[in-house]
Amino acid sequence: MQVSVETTSGLERKMTVQLPADKVKAAVNEKLNSIKNTAKLDGFRPGKIPMTVIKKRFGEHARGEVMSELLQSSYGQAIQQEKLYPVGMPQIEPKELEETEGMEYVATFEVFPEFEVQGLEKIKVKRPKVEIADTDIDKVIENLRKHKADWSDVERAAAEDDKLIIDFVGTIDGEEFEGGSAEDFEMVVGAKSMLEDFEKGLDGAKAGDEKVIEVKFPEDYPSKETAGKTASFKINVKKVMESALPEVNQEFIDAIGLKDKTLEEFRTEVKTNLERERDQAILARVKAQVLKGLEENNEIELPKALLDQEIEQMKQQAQQQAQQQGQADVDIDAEKLEKDARTRVTLSLVISELVKENEIKLDQSRVQKMLFNVASSYGDPAMIMSYYEKNPEMMKNFEAAVLEEQVVEWVAEKSDLEENEISFEELAKAPMV
């Protein structure tokens, strides 16, 4: 087999493969002999059909199968011989040759870029250092008490943390719009679950009040039907309710699903959950800084095939998300889409190179820990873990996520790293980058 490789442009390669006539002929004869042993033709006993008849009846078919098989096997051998790493499927152009001339074809494909990861020491990373305080635990318990609150009607004006039961109808330019109306809608004063103008308009509301409120929607509001527009809401306040919070006792602890836990064990459970949230939040912020630094310090040529594939996947994800939100279509910013796809592909290649260069091995114990953390949010963690473990595709996703975390931590230690002490509350509000 003769192989020659030509660099046409950037990452594109043209590989010409030539197989000698005797190799092709031998393969065709082997195929015909195999057919001869199994073929059934009227007037001949099985295995006794003359080769001249076999060639006339099956020769073209046999040669076609052989050429396809030789192409597949020789292509794999050729890229190994030339130490090439193709991206995606090649474009094959067979050359028309006489039977006595053997076989020749040209395979055109892109290869993965060859590069060394640069600039690790230039990456600046600020890693938060957070201790879980008793006040953090108290805040969680207070929120749990609010979730279990008993509500009763009051005749006074609504105050902070009161619940309002309202009917409302919203219009823009006199026309009702999707999602702008509701009956018996519940909202808690000060919870910031509604737009600011809406909440302000209900300050001091009493049961029986009827109000008309003008509400300005933000320019970046998810619904394009209302983004940047002003709506008029007719509101009927049906009830104002105040809450009575339960005592933190055994009955309360049992009611939130921690049956038979003591108060001390309950607080320990809350602290453990907060520590898990803290660790995930810290990792997310470190990861954002590391990935940004890796991209900024490594400008590499990207295979068009990988980029196109990523763009198509992101389009499909956007369409699926739109459908889940009840939207028929989604407007896609092509320029932003390509930019985001470039970021993803670049980081994927850089992370793969770091794993290879530094022989970073997947930590299976961390995979199990991540799996447990995800499963713990369900009623039967053991069943969920078993379900994931029996699904190879899902496990691959967990493994990829853990390996990425390991790379991020490895890079962070090589970077210009600074630790800063902040509170858990500050961590929750801190920007990702």
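**Exercise 1. Find the bridge partner of L164 in β8, then describe how strand β7 is paired.**

Step 1. Start at L164: its bridge partner in β8 is M187. The model is predicted; local features need pLDDT of at least 70, side-chain atom pairs count only at pLDDT 80 or more, and totals for chains, interfaces and linings use all residues. Residues are numbered from 1 along each chain as its sequence is written, and side-chain values use heavy atoms, with hydrogens and water left out.

Step 2. Fix the elements. Helices (H or I, at least four residues) and strands (E, at least two) are DSSP runs, numbered from the N terminus. Two strands pair if DSSP finds at least two bridges between them.

Step 3. Take the β8 side. β7 pairs with strand β8 (residues 175–188) in the antiparallel sense, over eight bridges. T171 stands opposite E176 in β8.

Step 4. Look at the turn. The β7–β8 hairpin has two residues between the strands, and D173 there takes a positive phi near 55 degrees.

Step 5. Take the β10 side. β7 also pairs with strand β10 (residues 230–244), antiparallel, over nine bridges. Here G170 faces F233 of β10.

**Exercise 2. Decide whether strand β7 is enclosed or open.**

Step 1. Set the cut-offs. Buried means under 20% relative accessible area, exposed over 50%, and partly exposed in between (1.4 Å probe, protein chains only).

Step 2. Count. β7 covers residues 163–172, and eight of its 10 residues are buried.

Step 3. Conclude. With eight of 10 buried, β7 is largely enclosed by the rest of the structure.

**Exercise 3. Classify V240, I92 and K31 by accessibility, and list what each one touches.**

Step 1. Define a contact: heavy atoms within 4.5 Å. Sequence neighbours up to four places away are left out for V240, for I92 and for K31.

Step 2. Treat V240. This residue lies in strand β10. Its relative accessibility is 0%, so V240 counts as buried. Its contacts include S152, D153, V154 and R156. Also among them are K163 and L164, and A205, K206 and A207. The C-alpha atoms of V240 and D153 are separated by 5.8 Å, although the two residues are 87 apart along the chain.

Step 3. Treat I92. This residue is found in strand β3 (residues 86–94). At 28% relative accessibility, I92 is partly exposed. I92 touches L71, Y105, V106 and A107. M15 is 77 residues from I92 along the chain, with 9.6 Å between their C-alpha atoms.

Step 4. Treat K31. This lysine lies in helix α1 (residues 21–38). Its relative accessible area is 17%, so K31 is buried. K31 is in contact with A62, E65, V66 and E69.

**Exercise 4. Place K83 and K192, and give the sign of phi for each.**

Step 1. Recall the background. Most residues other than glycine have a negative phi.

Step 2. Check K83. Its phi is positive, about 55 degrees, and it is not a glycine. K83 lies in the loop between α2 (51–81) and β3. Its relative accessibility of 65% makes K83 exposed.

Step 3. Check K192. Its phi is also positive, near 60 degrees. K192 sits in the loop between β8 and α4 (196–200). Its relative accessible area is 72%, so K192 is exposed.

**Exercise 5. Describe the chain as a whole, including its spread relative to a compact globule.**

Step 1. Tally the secondary structure: 12 helices and 11 strands.

Step 2. Apply the size test. The radius of gyration is taken over C-alpha atoms, and the globule rule is 2.2 Å times the number of residues to the power 0.38. For 433 residues the rule gives 22 Å, but the chain has 33 Å, so it is more spread out than a compact globule. Along the principal axes, the C-alpha atoms fill a box of roughly 105 × 55 × 50 Å.

Step 3. Assess burial and contacts. Of the 433 residues, 34% count as buried. Among contacts between residues at least 6 apart in sequence, 68% join residues at least 24 apart.

Step 4. Read the surface. Areas come from the Shrake-Rupley method with a 1.4 Å probe; for residues, only the protein chains shown count as cover. The chain exposes about 27600 Å², and carbon and sulfur atoms supply 47% of it.
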